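This report describes how one chain is built and how it meets its partner. The structure comes first, then the text.

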Amino acid sequence: MKKTHLAPLLLLLAACTLDEHPRDQIPEEQILTTATGLYRNTVATLYSYIGGDQDGQGLQGTCRGVYDLQTFGSDEAMLPTRGTDWYDGGLWQDMYRHTWTAGHDLMKNAWLYLYKVIALCNRSLQQLDSHRHILTATQLQQYQAEVRAIRAIYYWYLIDFFGPVPLVTSPDASMQEVRQSTRQQVFQFAVDELQATLPLLAPENSTHPGDYYGRVTQPVALFVLAKLMLNAQIYSGTPQWEQTIRYCNQLEEMGYRLEPNYEDNFAVHNETSVENIWTIPLDHHLYRSQQQNLFRSYHYRHAAAYGFTGENGSCATLTTLRIFGYDTPDVDTRFALNYWAGVVTDLNGDTVPDRNGRPLTYQPWAVQMDLSGTPYAETAGARMKKYQVDKNALKDGKLMDNDIVLFRFADVLLMRAEATIRCGRDAQADYDRVRLRAGMPTRPATLPNLLDERLLELCWEGWRRQDLIRFHQYRSPYQGDGQTAPIDETDGHTTLYPIPADIRALNSNLKQNPGY
Amino acid sequence: MKTQTGTFTSPQGTRHEVRTRKRRMLCTALMVLTVALAASAQEAKRDSIGKTMRVGYSDGKANTVAGAIDKVTEQQMNKGLVISSLDALSGQAAGVQVTSGGNQAAMMTAVRVRGTTSLTGANDPLVIIDGVISDLSTLSTIYPADIESFTILKDASETAQYGSRGAAGVIEVATKKGTESQFHISYNGTIGFESIYKRTRMLDASQFRQAATNLNLDYIDKGGDTDYGRSIERTGFVQNHHVAFGGGTEEANYRASIGMTEHKTVVETNNHRNYTAKVDISQQAFDKRLTVDLGFFGSIQKNNNLPFLQKLMYSAHTFNPTIPNGRNADGGYDQVTEATWINNPNSLLEMKNDDDNGHLNAHLNAEATLLEGLKLRAFASYSYSSVNNAHYYPTFVWSHGEAYRGNNKSEELLTNIALEYNLNLPTSNLQLMALGEGESQKVKGFYTTTTNFPTDAFGYDKLSAGATRLWDGTDSYSTDAHMESMLLRAQYSLADRYTLTGNARIDASSKVGKNHRSGFFPSVSGAWVISNENWMKRLTFVNNAKLRAGYGLSGNLGAIDSYNSMQLVQPNGLVPLEGTSATTLGIIRNANPDLKWEVKRTFNIGLDAAFWNERIALSIDLYRTKTTDMLYVYDVPVPPFPYDKLLANLGSMRNNGLEIGFGITPLQTKDMLLTINMNWSFQSNKLLSLDGDYNGQHLTAPQMKGISSLWGAGFHGASDVVMQIVGQPLGVFYLPHCNGLTTDASGARHYDVSTEKYICGQATPKATMGSNIAFRFRQWDITVQTNGAFGHKIYNGTALTYMNTLSLPNYNIMQGAPEKNIQDQTISDYWLERGDYLNIDYLTVGWTIPTHSRHIQSLRLSASVNNLATITSYSGTTPIINSSVINGTLGIDDKNTFPVYRSYTAGLSIQF
């Protein structure tokens, strides 16, 4: 009985289909039908990850990711504990005291972010390959070159932080295949890829609005090559000073030069800078990427004076104050451009009142790692200034129009000067160009002066950790704060961050860096 | 079957009761009425043994039911103040945990049947209203007085009928239909108020000044003295009105009702309103061979929500009390700019977050008797829901202001067709059923956000007043899911003693991976009515004794959204391209083409018994469930995956439990009746593993992961309190031990915390209890409902935060904190407390007024107090927090609980 009556039911069921027909998401095939579609969705799509608006995302401009590893792991800046604010489970104290462990959030965020972009690059390369019939041979080569160059840049960040990392170049790699290569091998891969793709990249300025805005063009690749060579001894054991000079020369030949005014590089409309080499385009109408570092640094009332919100966090360390000669007659002119210190003023030049109407005053010298219970818990530390205030900024001031400067020509001059000195030759001319532009008197172009100059010129730009490591001066800078005995860094283990514990838990092939 | 609770209040009862009462109403004598009411309670009890009842898709005699089910009829439903139909269920059935509004009014009522069996959050039971697949939020809009009964299917031998959706248990709701009677009309109404009796006590202005001065702090003093906690409070108000009428003949009848509820909670600006209308028509034709039922239900719910409840409570507690209440001289609100986690509570109340939800359902059921014993049933239902959301955050709380409008629309079409065959043999009975079902669910919606407002005057009513529309503030979505199912069911009963039931359901859904489209969910169960055995007949004091056992599989796909098994692209950002800004597309998650159902296997054994004319009734269930192929967002290695999360079926979890329900009637005379009903459930849960093979490779998720953490100043990151640990119950506290307080040189105290963490208790109760005591004396009755939970702990994050004097001067602190002078908020077991509680949910007194009118059938007045008292050792304001739902608030009292209030209501029921 059952059977006979079930037959129509079965027919009814069979008549319907259970295939999904998505409407608000679409299969990739639908958008990879033309050369334009391919470029947009395999190459251009990657640029939406260079900046970010969430923790851990983006190369710069966001919190708790790449930029924080570069900055708060060095003696340049710190996020002191201010009473109940900024303790965050000891996160920032660990960064400054170099007592981090493999369980630290920042390392995991950076790892996940950097490898996400690499995995997406691998997918893009596969898509380009499988749709090669749509493209001309030149288009295919150019598109692939751009993706490969982005991927190489991301591998550079990875070896800089983590040393030996897995080299994954295909989206089909299985989990077992993911094993570490040596730092030297990944370094060589990045160099080879950038060198191979260099001729195929557009020889165009990437910071001016137009067809190449924000993209990885020849000068961007050249800059990264110069950085790879500059740190080659650290990355691979073999110095490459002459190569550094060569790539710096090529950049100069492309027409980059110093802006007459330092601060123009960081203006609201800094797209016209002739000095910037690679930026993250920011525009509160057009893009999503944010600059959260000012928001994180401003005192609450300081930010409120601009109509923004501030988190009253990051500030300069005592080391930075000393190098800048803060509070001395010889204070570097760039201090006032990069830091808020003393009485805070709003855009009209009026003083910003504190909670009881007195002028809000930052106390640069009062800074220490744990400010809880001190009278200057809220006001200690010189704050980040660097970027011109954008009155039109939205989202608490984080969505502003000043493009974030990743690479610029002043760095190129300092790199060339350093490499030249290390080759035993004189680099006074390059060094002076940077000093004089800042309105500072010349100083002998020695290595110690150059290291200081890199901080003076490039503070808040995320280079200090790398520089200290290259100068073999990277060690826990905060000594004698009476709270923690400085950890033993004589083995230099802190020059590499640990492979994040959560990542190793999922991939037992990965070996931890020594010392962790 | 469980016993019936003996409350006496229903002006309308089940179909059976109404008939009973009608017959007896003719006498209209006072005493007779009360006897009738008592009698109907008893008759309902006897019903439970022999009556025909509907469970799942099939009708059957109650004594053949072999699974663990609980039926809560109108008589048992909670009295007192019942705002939502879910409130009516709280504490009435063993193993059913209703964490209702009450002190977490802003939180949706959470319902768990036999606790948590899935990790991914799909733990809400399936709700079926008159055969229509629905959800808890729709159920909450139905007016309680329109509900005839709840039937809760707890074990897989019954839930297997619902296949892939039944794993979290099923709540079947039967609403009232027309009856074959002359015209009748009834009114039900309650009106009442709510009053706060317990709140977190913070320093007043002079204490605040003193504490800040003692610590040498530079604080803001605006000269006022404001209790900001009270500034957001008010006396709550609640009213319900419901009118129902119906009538008809044996062949055709109808029932129609309208209802309205208004609830102004004890927190300013927080209001809920609900309007419902319902019509049911039934007609028989062709010598009663065909019955056609049409049901129509519509509701509109309007809510004024609190946009950021936790921030509001945190602000109300900790805002500087020296700042005078209300607006300042400039017409704005003074803020403590340094206190970034809070705002002036007055200004937060100006934030608007409103929604209105419209819901419409029409369904048609046709039942035709084709031959003797052979029935064909066809059912079709269409539901339409539309939710409009709007919010406006004024410029003085949200820099530049923000307005948002959104609409979400969902449509659901359900059809099924079933053939039933019933063969009656001399000593046995065979029932067969075959059912085919199809379901389609379409969801569409959009929203838009604008910001940069020149004035707050428009609120969310003029979006173009906002100068900027950000790219990520506007979006739309559309999904479309289908499911097709087939169910075969056979039941064989022998000699009224032995019943064997088998179900086999096949579900096929579009949401799972292509290769796993169909899932098979079988179940088998048996019942033995021992009391019908001849050798038992001698034991005349045994009215009923039934042993039952069942085993079955049910599934869970609540965690799977449409398209999760496909690798698709969607807009991922804006980039400069060819001189302009362009949207690019990209993948935004890892896809899992092997996605399938999570499966739960349950073994259940139960005993129902009743003795001495049913004056003692008992029901016991013992169960063991195992969830496998557990859906969970697993961590996967990056690289090679681009994203670190993957929804997959890997792990497993186990639940064991014991449920005991009993009812006793110690006193039963003509004038008096005392009934006591109680249910207990004990449960243990263990997360067995989070490992498995995916794509030929072994995946191991982290063995330990945070579930809930503390929030607020200084708690950003590394503040996990409740963890999910493999090998442990889901949701355990994992904290360092605190050896006490140490005092430093300055006299400040710190927690002396050891470095090692340990597992120090679970967040979910090991036992829960519901008890109902009802006493009647003549026309007066009194009912007390008490619920309790035991064996769990609560982290008092509120005290940890508010006792920290380092919060001064930007945040106020608690009474007693300056004396203790703790300058520390390190998380440890110091503030972990026992969560056991016994809560007197309500006390109701009713008076059934004797009437001599020919037209008034019954008239009853009642008065109730809800949330009468809580007995607990917990030191916070209330232990009734989220101890059941696995989410970011589990087990933590973290500055977000509503002040504790009682409700006082008066009710009137009248039936003509």
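The centres of domain 1 and domain 2 of chain A, taken over C-alpha atoms, are 27 Å apart. Domain 1 of chain A covers 33–289 + 404–506 and domain 2 covers 293–384, with bounds that come from an automatic or database domain assignment. The model is predicted: local features need pLDDT of at least 70 and side-chain atom pairs count only at pLDDT 80 or more, while totals for chains, interfaces and linings use all residues. Residues are numbered from 1 along each chain as its sequence is written, and chains are lettered from A and ligands numbered from 1 in the order in which they are written.

Between the two domains, 30 residues of domain 1 of chain A are in contact with 28 residues of domain 2 of chain A; contact requires C-beta atoms, placed from the backbone, to lie within 7 Å. On the domain 1 side, β2 (77–78), α4 (91–97) and α17 (447–458) of chain A each give two or more residues. The largest share there is that of α17(A), with 4 residues. Helices (H or I, at least four residues) and strands (E, at least two) are DSSP runs, numbered from the N terminus.

Chain A as a whole contains 19 helices and 9 strands. Its C-alpha trace spans about 100 × 55 × 50 Å along the principal axes. The radius of gyration of chain A is 25 Å, which agrees with the value near 24 Å for a compact globule of 516 residues; the radius is taken over C-alpha atoms, and the globule rule is 2.2 Å times the number of residues to the power 0.38. Of the 516 residues of chain A, 57% count as buried, that is, with 20 or more other C-beta atoms within 10 Å of their own, C-beta atoms being placed from the backbone.

Chain A also touches chain B, through 76 residues of chain A and 73 residues of chain B. On the chain B side, β23(B) gives the most, with 9 residues. Strand β1 (residues 26–27) of chain A pairs with β23(B) in the antiparallel sense over 2 bridges, two bridges found by DSSP being the least that counts as a pair. In this pairing Ile26(A) stands opposite Val569(B).

The table gives the class make-up of two of these sides.

| Side | Nonpolar | Polar | Charged |
|---|---|---|---|
| Domain 1 of chain A, touching domain 2 of chain A | 16 residues | 6 residues | 8 residues |
| Chain B, touching chain A | 31 residues | 33 residues | 9 residues |

Here Ala, Val, Leu, Ile, Met, Phe, Trp, Tyr, Cys and Pro count as nonpolar, Asp, Glu, Lys and Arg as charged, and the others, Gly among them, as polar.

Conventions: Buried ≥ 20, exposed ≤ 12 C-beta atoms within 10 Å, placed from the backbone.
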